[in-house]
Structures are given as structure tokens and as C-alpha cells.
Amino acid sequence: MELHVWLAFLVASCVIAVSPGSGAVLSMSHGLSYGVRRTTATIVGLQLGLAVILLVAGLGVGAVLTASATAFTVIKVVGACYLLWLGWRQWRAPVAPAASADGGEAAREPDLTAPQRVLRGFLTNVTNPKGIVFMAAVLPQFIQPTRPLWLQLLVLLATTVMVDVTVMHGYAWLAARLQGVLRSVRARRAQNRVFGGVLMTMGAFLFLFKRSA
């Protein structure tokens, strides 16, 4: 892959990663609930889902999905329902009374284990048909037909993951900085409802998402 092609893809990856989406919302939500270090498991799951989407789109399956109305609809409905469920769980997540001043932690939703956080991140990205359609539309612009496909896909995948890991940790870090402000039960409940509402809104809009002609 030529340098100028890779640099163009790097810029595109940065724009894609910074753009608000369900992955960013999940990273911020878990950053508030678990802190940056424990949110790394969530971000690993997001990257696994992103890798599946990129490889699927890069190998041409994305084009098949966007061409098949049935396949596209199935993925769209599954992704939308998952975001709605995730948002509803976040909205209704119970919060414990605030910790005492003797050094206890702030109130938070019941802990998810590391594997559960990885799975939640993975499902959030891999069930997003907008990601598949977007990658299917973007990747061909950066793949050179005269060069080995697998090598190019590995370079594009490594670039995408590197950028997204950095940006998602940035979102988690910014959210974690607010932990000191959001120590009360009322504030934690408001946090759950804000992020839950955003996730459910994304799920609802996903039902309206249509393939381009």
C-alpha cells in the first residue's frame, strides 16, 4: 500500500472513530461506571466487532449484504433490537447509595465481568448494519487491485483498530473524569438515563436506516 493511500485512510479512520456512535456511548457509559482501566475490556470487544465488520466488508460480503434486502433487514432488526435492549437495561440499571467519605467507591450499576464487557462491546459493533454498509462503501476506495488483498486488509485493519482504541479510551477517560461530580444516587441515575436514552434513540433510528440504491 502506498504511503499517500494509507495516510488518506488514516484520516478517514480518525473521522469515523471520532464521530459519535453506539461504541462511543458505550465507552463513555462504562468509563463512568468502571473507570478507564476496566473499560479496556469493553473496548477490546468493540475492536473485535469492528474487525469482523472490516473483514466482512473487505472480502465482499458487505456488498452481498447491502444487495440482499432480506440479509440487510435481518441484520438491521437484530442490531436495532440489541441497542434498544442495551439502552433499556442502562436506563433501568439500579444504583446503590453513595459511598461514605471514608474512601468507598461511588455508586455504580452492578458489575459486569470482563468477559461480559467484551461481549457487550463486540455485539454493539458487530450488529450495526450501518458499519457494514459504511465499510463496504469506504474500503474499495483504498484497496489497490494490483496488490495482495489480504496484506492490504491487514494494514487497514491495524490502522482502524489503532485509531479506534485510542479514541474510545479518550471517550472513556473524559467520562471517568466526571466520576467525582457524579457520586450521588440522583446523578448516577441521571447518567444511566442519559446514556440509556441515547442508545435507545440510536436503536430506534436504526430501524429507519435504509440501503443506498
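Student: How many helices and how many strands does the chain have, and in what order do the elements run?

Tutor: In this predicted model, the chain has nine helices and zero strands, and from the N terminus on the elements run α-α-α-α-α-α-α-α-α. Of the 213 residues of the chain, 45% count as buried, and among contacts between residues at least 6 apart in sequence, 87% join residues at least 24 apart.

Student: How do you know that the span of helix α2 agrees with what is expected for its 13 residues?

Tutor: Helix α2 covers residues 22–34, and at 1.5 Å a residue it should span 18 Å; the C-alpha atoms at its ends are 18 Å apart, so the two values agree. Helix α3, residues 36–58, can be set against the expectation in a similar way: its 23 residues reach 31 Å from the first C-alpha to the last, close to the 33 Å expected. Each of these helices is followed by a glycine with a positive phi, which is about 90 degrees for Gly 35 just after α2 and about 95 degrees for Gly 60 just after α3.

Student: What makes α2 a mostly covered helix?

Tutor: Twelve of the 13 residues of α2 are buried, among them Ser 22, Leu 26, His 30 and Tyr 34.

Student: Why is Ser 22 called buried?

Tutor: The cut-off for buried is under 20% relative accessible area, and Ser 22 has a relative accessibility of 5%, so Ser 22 counts as buried. Leaving aside residues up to four places away in sequence, Ser 22 touches Leu 83, Thr 124, Asn 128, Leu 199 and Met 202.

Student: Is Asp 164 in helix α8 buried or exposed, and what does Asp 164 touch?

Tutor: Asp 164, which lies in α8 (residues 149–176), has a relative accessible area of 11% and is therefore buried. Its contacts, not counting residues up to four places away in sequence, are with Ala 17, Gln 47 and Leu 50.

Student: Why are α2 and α6 called roughly antiparallel?

Tutor: Helix α2 packs against helix α6 (residues 114–126) at an angle of about 160 degrees, with the axes 10 Å apart. Angles over 145 degrees count as roughly antiparallel, and α2 and α6 are therefore given that description. The crossing of α2 past α6 is right-handed, and in this pairing Ser 22, Gly 23, Leu 26, His 30 and Tyr 34 of α2 meet Arg 117, Arg 120, Gly 121 and Thr 124 of α6.

Student: Why, then, are α5 and α6 called oblique?

Tutor: The axes of α5 (residues 69–92) and α6 come within 10 Å and cross at roughly 140 degrees. An angle must be over 145 degrees to count as roughly antiparallel, and 65 to 115 degrees is the range for roughly perpendicular; the crossing of α5 and α6 fits neither description, and these helices are therefore oblique to each other. From α5, the residues Tyr 82, Leu 83, Trp 85, Leu 86 and Arg 89 meet Arg 120, Leu 123 and Thr 124 in α6.

Student: What makes Cys 14 and Cys 81 partly exposed, and how many disulfides are found?

Tutor: Partly exposed lies between the 20% and 50% cut-offs; Cys 14, with a relative accessible area of 34%, is therefore partly exposed, and Cys 81, at 39%, is partly exposed as well. A disulfide would require a pair of cysteine sulfur atoms within 2.5 Å, and a search of the whole structure finds zero disulfides.

Methods: Residues are numbered from 1 along each chain as its sequence is written. This is a predicted model: local features need pLDDT of at least 70, side-chain atom pairs count only at pLDDT 80 or more; totals for chains, interfaces and linings use all residues. Side-chain values use heavy atoms; hydrogens and water are left out. Helices (H or I, at least four residues) and strands (E, at least two) are DSSP runs, numbered from the N terminus. The expected span of a helix is 1.5 Å times one less than its number of residues. Buried means under 20% relative accessible area, exposed over 50%, partly exposed in between (1.4 Å probe, protein chains only). Axes are lines fitted to C-alpha atoms, for helices over the stretch in contact, and angles run from 0 to 180 degrees between N-to-C directions. Angles under 35 degrees count as roughly parallel, over 145 as roughly antiparallel, 65 to 115 as roughly perpendicular and the rest as oblique. A crossing is left-handed if the near helix is turned anticlockwise from the far one by less than a right angle, and right-handed if clockwise. Contact means heavy atoms within 4.5 Å.
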